[in-house]
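Hi,

Here is the structure I promised to pass on. Have a look at it first, then read my notes underneath.

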Amino acid sequence: MEKVITGMIRRAARLMLEFADPAVYSKGRHADFVTEADVAVQDYLIGELSRAFPQARFLAEEGEGQQLTDTFTFIIDPIDGTTNYFRRRRCSMISIGAVEGKEPVFGMIYDPYRDELYHAERGKGAWCNAERLHVADMPLEKALIGLGSGPYYEDLFDLTSRSFAALLPKAADIRRTGSACMDLCDVAAGRSDGHFEWQLQPWDYCAATLLVEEAGGRCGNILGGLVTYDRGIPHLAASARIYDELQAILQQVWRAGQP
Ligand code: IPD
Ligand code: CA
């Protein structure tokens with residue numbers, strides 16, 4: 001599977017980079033966009049994957065009305081970091097995860113700007129190109145924490161701002177790339193120590209959650225429980241060293257906003 005999907009994701013990346021000035025459409029919510037390149041990459045990947053894996057089902061960002069079952073399913077984000085992409089910030093990734101029995105078994109993420117291919121299989125470790133990945137082991141006061149701002153959900157702006165304010169004095173610093181995938185790859189590679197967003201979707205985190213876990217990190221729902229792949233969640237990923245501490249701070253911030 002790894003070899004076949006490597007070829008597909010690299011060809012999909014060439015297609016993504018071919019659009020010099022892609023058409024951009026609003027999806028209706030605040031700052032939520034799709035470009036013609038997102039649709040072209042998704043169509044290409046679903047076409048190729050369904051030829052190679054005829055039994056597979058699909059859940060993809062630019063699709064509609066798809067429901068996850070226990071059957072082997074690819075969960076695809078054709079471009080994670082769509083706004084970065086059409087603003088030419090060179091900070092976007094293609095993500096292909098696969099779940100079976102609603103649990104991730106395979107993940108591949110490609111950064112076409114840095115030619116970095118991330119890959120994980122359950123029980124076989126996490127990799128970036130030929131390098132094995134391991135999460136960092138920093139205490140919170142030395143940690144870099146990635147923050148997803150949840151730009152599409154206006155009702156979460158206050159919670160996100162209060163989370164930033166609570167963490168900034170406790171961690172070394174906060175980062176915001178505009179690609180959840182990229183932030184999660186950084187956690188897996190030990191280049192940062194945690195990442196959270198109060199609402200993320202399975203295509204944003206499916207492949208990257210497996211990558212973080214296979215690199216020795218932890219992922220879960222900020223408010224408690226495991227990551228689910230049939231609906232979006234408040235998603236937290238971190239090194240094993242700071243996961244509980246980070247979760248406790250974020251839960252406290254959430255509780256402070258409850259009536
Ligand atoms: C978005 C990015 C962003 C995050 C959003 C995601 P998209 O993905 O990962 O960092 O804040 O929640 O939806 O829409 O560019 O594929
Ligand atoms: Ca996307």
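Below is what turned up around the ligand.

First, the small print: this is a predicted model, so local features need pLDDT of at least 70 and side-chain atom pairs pLDDT 80 or more, while totals for chains, interfaces and linings use all residues. Residues are numbered from 1 along each chain as written, chains are lettered from A and ligands numbered from 1 in written order, and side-chain values use heavy atoms, without hydrogens or water.

Ligand 1 has 15 residues around it (a heavy atom within 4 Å). D80, G81, T82, Y152 and E197 come nearest. By type, that shell splits into 6 charged (Asp, Glu, Lys, Arg), 5 nonpolar (Ala, Val, Leu, Ile, Met, Phe, Trp, Tyr, Cys, Pro) and 4 polar (the others, Gly among them).

Three acidic side chains have polar contacts (N or O pairs within 3.5 Å) to ligand oxygens: E197 at 2.6 Å, D80 at 2.8 Å and E61 at 3.1 Å. The protein covers 97% of the 370 Å² of accessible area (Shrake-Rupley, 1.4 Å probe) that ligand 1 has on its own.

Where does the shell come from? Domain 1 (2-132) and domain 2 (140-256), bounds from an automatic or database assignment, each give at least three residues. Among strands (DSSP E runs of at least two residues, numbered from the N terminus), β4 (73-80) and β12 (194-200) each supply at least two, and β4 gives the largest share, 3 residues.

Cheers

Technical notes:
A polar contact is a pair of N or O atoms within 3.5 Å; within protein, one must be able to donate a hydrogen and the other to accept it, and residues adjacent in sequence count only if both atoms are side-chain atoms. Helices (H or I, at least four residues) and strands (E, at least two) are DSSP runs, numbered from the N terminus.
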